[in-house]
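Subject: Structure handover and what was found in it

Hello,

I am passing on the structure that we talked about, and my notes on it follow below. Please read them with the model open beside you.

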Amino acid sequence: MHLTREEENILNGEQGNAAAKAMEILVAIGKVFGAEKLIPVTSAQISGVSYKTIGDAGLEFLENFAKDGRVRIPSYLNPAGMDLEEWSRLGFSKEFARKQMRIIKAYQKMGVEATCTCTPYLIGILPKKGEHVAWSESSAVIFANSALGARTNRESGMSALASAIVGKTPYFGYHLDENRVASLVVNVKAKLEDISDFGALGIYTGAIAKQRVVAFDGIETVTVDEVKTLGAALAASGAVALFFIKGITDEWRVADKPERIEFGSRELRETKENLNSSRDAELVAVGCPHCSLEEIREIAERVRGKKLKRKLWVCTARKIKRKADKLGLTKVIEEAGGRVVSDTCMVVCPLEELGFERTAVNSGKAAHYLPSFCGQKVLFGSLKEILR
Ligand code: F3S
């Protein structure tokens, strides 16, 4: 891989140990994937934030890295393992909180903004079409590529941090036109009436697509929330990082002889059934990916004036929660007995340690991961169904 003189100097330690290590990581990845050079990126979105997922080894690594590592570009964090302000009220242990805060501090010391959300695009972080970025949360990656037309590979937490420090990424994969071509076309025949239907479509398709680019035909309209839910599910059951929707996404490139499949009402029904392993739940958790203000508004309207018999978490970015606070939506949800939870989500927090065994969700991604990540039995359905 060709390196400029400045890049060579970074690799040789001229800008400190962390920068040298970061460059080493990028060069190693570039060599494996046949990148000819590094290209500048305008932002980094970094996963590997929850103490639950990175543990003591990750914490130690970050604290060491933070000794002299500083980011060069705007850099943002994925959700942490707890609500950074309300952790005690929500039942997180002091020990967990202490370690989680050390992780956040290490990132902040490096200059990373503790946004702690998987939906940076809902809080104004919106790379433009064709802009190269290094994002790592899989649902954010697929949204950036598909909905925004930006360009990012599915970075790991480590490679996104390395890009944040160097300000560059190896030039391969989804940064190149030639790889932004669908080889799986899905003819959507089922009526998609609820956001959970988009999650089911994503789970069904992702498992078939694996790492391929997917093109959907037959979806007439979508909301931003439906796109984010569809993408998150595609990236969970498969490793999809880019999809097109005919007539909706700007990009639409399909290979000469793509595989073609159909998603009809039978596939929709069976996928939803397969995601269900419980008929009841102690916790209803909405917000995977993190809720938009519109979703919070809908939840508030549905629970207004009611007394909930089960716990309700509405997971969202802290900036969105502040808006919900101002609009009185948080109050409505809390008066019903629910919580608007920020900085974390039902999957990356230690849900099992908080005493939950069965969780109800309307997200295909959460339904897919909760059994293995958090030992949960899952009730999967529409927002209306799980709130009922
Ligand atoms: Fe976001 Fe957590 Fe889902 S990070 S995409 S809410 S698993």
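How many residue pairs are in polar contact across the interface of domain 1 and domain 3? The rule finds 15 such pairs, with both residues at pLDDT 80 or more; a polar contact here is a pair of N or O atoms within 3.5 Å, where within protein one atom must be able to donate a hydrogen and the other to accept it, and residues adjacent in sequence count only if both atoms are side-chain atoms.

Before going further, please keep in mind that this is a predicted model, in which local features need pLDDT of at least 70 and side-chain atom pairs count only at pLDDT 80 or more, while totals for chains, interfaces and linings use all residues. Residues are numbered from 1 along each chain as its sequence is written, and side-chain values use heavy atoms, leaving out hydrogens and water.

The domains

The protein is divided into domain 1 (5-176), domain 2 (181-272) and domain 3 (276-387), with bounds that come from an automatic or database domain assignment. Taken over C-alpha atoms, the centres of domain 1 and domain 3 are 26 Å apart, and their contact (heavy atoms within 4.5 Å) takes 25 residues from domain 1 and 28 residues from domain 3.

The area buried between these two domains is about 2,100 Å², of which carbon and sulfur atoms give 56%; buried area is the accessible area (1.4 Å probe) that two parts lose on being put together, summed over both. Lys-52, Arg-89 and Leu-90 supply 27% of the area that domain 1 buries against domain 3, more than any other three residues.

Salt bridges

A salt bridge is counted when a side-chain nitrogen of Lys or Arg lies within 4 Å of a carboxyl oxygen of Asp or Glu. The whole structure has 35 of them, and the count between domain 1 and domain 3 is 6. Asp-83 and Arg-318 also meet through their side chains in a salt bridge, at 2.7 Å from N to O. Lys-21 forms another with Glu-24, the closest N and O atoms being 3.3 Å apart; these two residues are 3 residues apart in helix 2 (residues 17-32), so about one helical turn separates them. Helices (H or I, at least four residues) and strands (E, at least two) are DSSP runs, numbered from the N terminus.

The ligand

Domain 1 and domain 3 both give residues to the shell around the ligand, so the ligand lies between them. Among the residues that surround it (a heavy atom within 4 Å) are Cys-118, Glu-137, Cys-288, Pro-289 and Lys-365. Strand 10 (residues 283-291) gives the most to this shell, with 3 residues. Pro-289 is found in strand 10, and the peptide bond from Cys-288 to Pro-289 is cis, with omega near -10 degrees.

Best wishes
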